[in-house]
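I opened this model to look up its cores, its aromatic pairs, its charged contacts and one helix. My notes follow in the order I made them.

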Amino acid sequence: QAYHYSSDGLMKNNCSKLILDTKPSGAYWNQSRVDRGLFHRYSMAKLDIPIKIEDAANLNVTFTFHDAPRRLRVRSYPFRVLATNYNYYATVYTCQYSPLIDKHFIYVWILSRNLILNDVSLELAMKPLSEIGVDSKKLVKEDTSNCSPKYYDDVNTKPTTFRYPVPI
């Protein structure tokens with residue numbers, strides 16, 4: 001993750017890394033991040049690979065929480081790839097509705113295969129943001145200087161909406 005933006009103002013994506021893992025049962029997304037500087041948390045999700053060429057930009061991610069109540073066990077999030085060159089960057093977007101406060105929230109990530117995204121790739125990655133009403137000046141550059149947590153425990157995350165934790 002090189003840059004991120006959330007319209008709710010919460011910065012929960014510090015030091016995030018996404019690793020794509022392919023297995024015979026499908027493609028999986030492993031997200032890890034430093035949480036409050038202490039723990040290295042991770043989430044595993046299955047990716048739905050689009051079959052139709054028209055759906056190629058759809059990135060549907062399904063998280064499964066085995067210890068959650070039945071209604072919260074499977075959480076699906078629709079992401080949209082706005083731009084990519086397949087080698088250096090991808091701009092990913094989602095819009096989530098929070099029924100608790102009756103509002104929509106926009107989340108954007110610019111993902112990079114390298115720690116530093118070159119200027120040309122950054123400009124191309126930011127280009128589609130104006131089309132969805134996101135000011136590229138509001139993107140937060142990932143600060144990797146504090147990405148070494150004090151403890152390295154891997155702890156499964158709890159089911160969450162993007163804005164609020166879901167009690168189990």
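The entries below go from the nonpolar cores to the aromatic rings, the charged groups and the helix. I note at the outset that the model is predicted.

**Entry 1: nonpolar cores**

I began with the largest nonpolar core and found 18 residues in it. Trp29, Val61 and Phe79 have the most contacts inside this core. I then listed the elements that give it two or more residues: β3, β4 (39–48), β5 (58–64), β6 (74–84), β7 (89–98) and β8 (103–112). Of these, β8 gives the most, with four residues.

I looked up what Trp29 touches, leaving out residues up to four places away in sequence. The list is Leu18, Ile19, Ser43, Met44, Ala45, Leu47, Leu59, Val61 and Phe79. Val61 and Phe79 are thus on the contact list of Trp29, and these two are named with Trp29 for the most contacts inside the core.

Apart from the largest core lies another, of 15 residues. Among them I noted Tyr3, Tyr93, Leu117 and Val134.

**Entry 2: aromatic rings**

How many aromatic pairs are there? I count two. One that I checked is the pair of Tyr107 and Trp109, which is stacked, with 6.3 Å from centre to centre and 15° between the planes. Are these two residues buried or exposed? Both Tyr107 and Trp109 are buried. Together with Phe79 they form one aromatic cluster. I recognised Phe79 from the first entry, where it is among the residues with the most contacts inside the largest core.

**Entry 3: charged groups**

I searched for salt bridges and found one in the structure. It joins the side chains of Asp21 and Lys23, at 4.0 Å from N to O. Side chains of opposite charge can pair when their charged atoms come close. Asp21 has 31% relative accessibility, so it counts as partly exposed. Lys23 is also partly exposed, because its relative accessible area is 43%.

I followed Lys23 further. Its charged end sits over the ring of Tyr28, 5.3 Å from the ring centre.

I followed Asp21 as well, and this led me to Gly26. Not counting residues up to four places away in sequence, Gly26 touches Asp21 and Lys46. Gly26 lies in strand β3 (residues 26–35). Its relative accessible area is 22%, so I logged Gly26 as partly exposed. How many residues separate Gly26 and Lys46 in sequence? They are 20 residues apart in sequence, and their C-alpha atoms are 7.2 Å apart in space.

**Entry 4: helix α1**

I turned to helix α1 (residues 119–126), where Ser121 has its place. Which residues of α1 are buried? They are Ser121, Leu122, Ala125 and Met126. These four lie on the same side of α1, because they cover an arc of only 130° around the axis. On the other side of α1, I found Asp119, Val120 and Glu123 exposed.

I took Ser121 from the buried set for a closer look. Its relative accessibility is 4%, and buried means under 20%, so Ser121 counts as buried. What does Ser121 touch, not counting residues up to four places away in sequence? I found Asn85, Tyr88 and Tyr89 on its list.

Note on methods:
Residues are numbered from 1 along each chain as its sequence is written. This is a predicted model: local features need pLDDT of at least 70, side-chain atom pairs count only at pLDDT 80 or more; totals for chains, interfaces and linings use all residues. Side-chain values use heavy atoms; hydrogens and water are left out. Buried means under 20% relative accessible area, exposed over 50%, partly exposed in between (1.4 Å probe, protein chains only). Contact means heavy atoms within 4.5 Å. Rings of Phe, Tyr and Trp (its six-membered ring) pair if their centres lie within 6.5 Å; planes under 30 degrees apart count as stacked, over 60 as edge-to-face and the rest as tilted. A charge sits over a ring if NZ of Lys or CZ of Arg is within 6 Å of the ring centre and within 35 degrees of the ring normal. A nonpolar core is a set of buried Ala, Val, Leu, Ile, Met, Phe, Trp, Tyr and Cys residues joined through side-chain atoms within 4.5 Å. The arc is that of the directions from the helix axis to the C-beta atoms.
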